[in-house]
Amino acid sequence: MKILSIGNSFSTDSHKWLCKLAEINGINIETANLFIGGCSLEQHWKNWREEKDAYDYEVYLPFETEMSRPDG
């Protein structure tokens, strides 16, 4: 299963725990997170409308213990 979140530091934390829970239960998931620390829903909406490229990107691959930030 693949999951994409667009959020802030809370979405980063939730991915960490979601992946750990999936691993414990033998479920293979891959998550990706586009985020801006402390960003509000209103700001995400404004970024989308203005097509801003203002996000950091993290990927959590199956059964890894840490998220990674792909280059480029």
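## A sheet, a helix and a buried histidine

Strands β1 and β2 pair in the parallel sense, and six bridges join them. Everything described here comes from a predicted model, so please read each value as computed from that model.

Let's stay with the strands for a moment. The two belong to an open sheet of three strands, ordered β1-β2-β3, in which the pairing is mixed. β1 and β3 are its edge strands, each pairing on one side only. Ignoring direction, neighbouring strands of this sheet are turned by 15 degrees against each other on average. To find your way into the pairing of β1 and β2, look for L4, which stands opposite A32 in β2.

What packs on the sheet? Helix α1 does, touching β1, β2 and β3, and its direction makes about 170 degrees with that of β2. Here are the residue ranges of the helix and of the strands that its buried residues pack against.

| Element | Residues |
|---|---|
| α1 | 9-24 |
| β1 | 2-7 |
| β2 | 30-35 |
| β3 | 56-60 |

Now for α1 itself. The helix has 16 residues and reaches 23 Å from its first C-alpha to its last, close to the 22 Å expected at 1.5 Å a residue. Which residues of α1 are buried? They are S11, T12, H15, C19 and A22. These residues lie on the same side of α1 because they cover an arc of only 105 degrees around the axis. An α-helix has 3.6 residues a turn, so residues three or four places apart point the same way. The other side of α1 holds F10, W17, L21 and I24, which are exposed.

The two ends of this helix are worth a look too. At the start of α1, a side-chain oxygen of N8 comes to within 2.9 Å of the backbone nitrogen of F10. After α1 comes G26, with a positive phi near 70 degrees.

Finally, let's visit a second helix, α2 (residues 41-49), where H44 is found. Is H44 buried or exposed? Its relative accessibility is 11%, and because a residue under 20% counts as buried, H44 is buried. The side chain of H44 reaches the backbone oxygen of G7 at 3.3 Å. Leaving aside residues up to four places away in sequence, H44 touches I6, G7, N8, C39 and Y55. One of these, N8, is already familiar from the start of α1, where its side-chain oxygen approaches F10.

How values were computed
Residues are numbered from 1 along each chain as its sequence is written. This is a predicted model: local features need pLDDT of at least 70, side-chain atom pairs count only at pLDDT 80 or more; totals for chains, interfaces and linings use all residues. Side-chain values use heavy atoms; hydrogens and water are left out. Helices (H or I, at least four residues) and strands (E, at least two) are DSSP runs, numbered from the N terminus. The expected span of a helix is 1.5 Å times one less than its number of residues. Buried means under 20% relative accessible area, exposed over 50%, partly exposed in between (1.4 Å probe, protein chains only). The arc is that of the directions from the helix axis to the C-beta atoms. Contact means heavy atoms within 4.5 Å. A polar contact is a pair of N or O atoms within 3.5 Å; within protein, one must be able to donate a hydrogen and the other to accept it, and residues adjacent in sequence count only if both atoms are side-chain atoms. Two strands pair if DSSP finds at least two bridges between them. Axes are lines fitted to C-alpha atoms, for helices over the stretch in contact, and angles run from 0 to 180 degrees between N-to-C directions.
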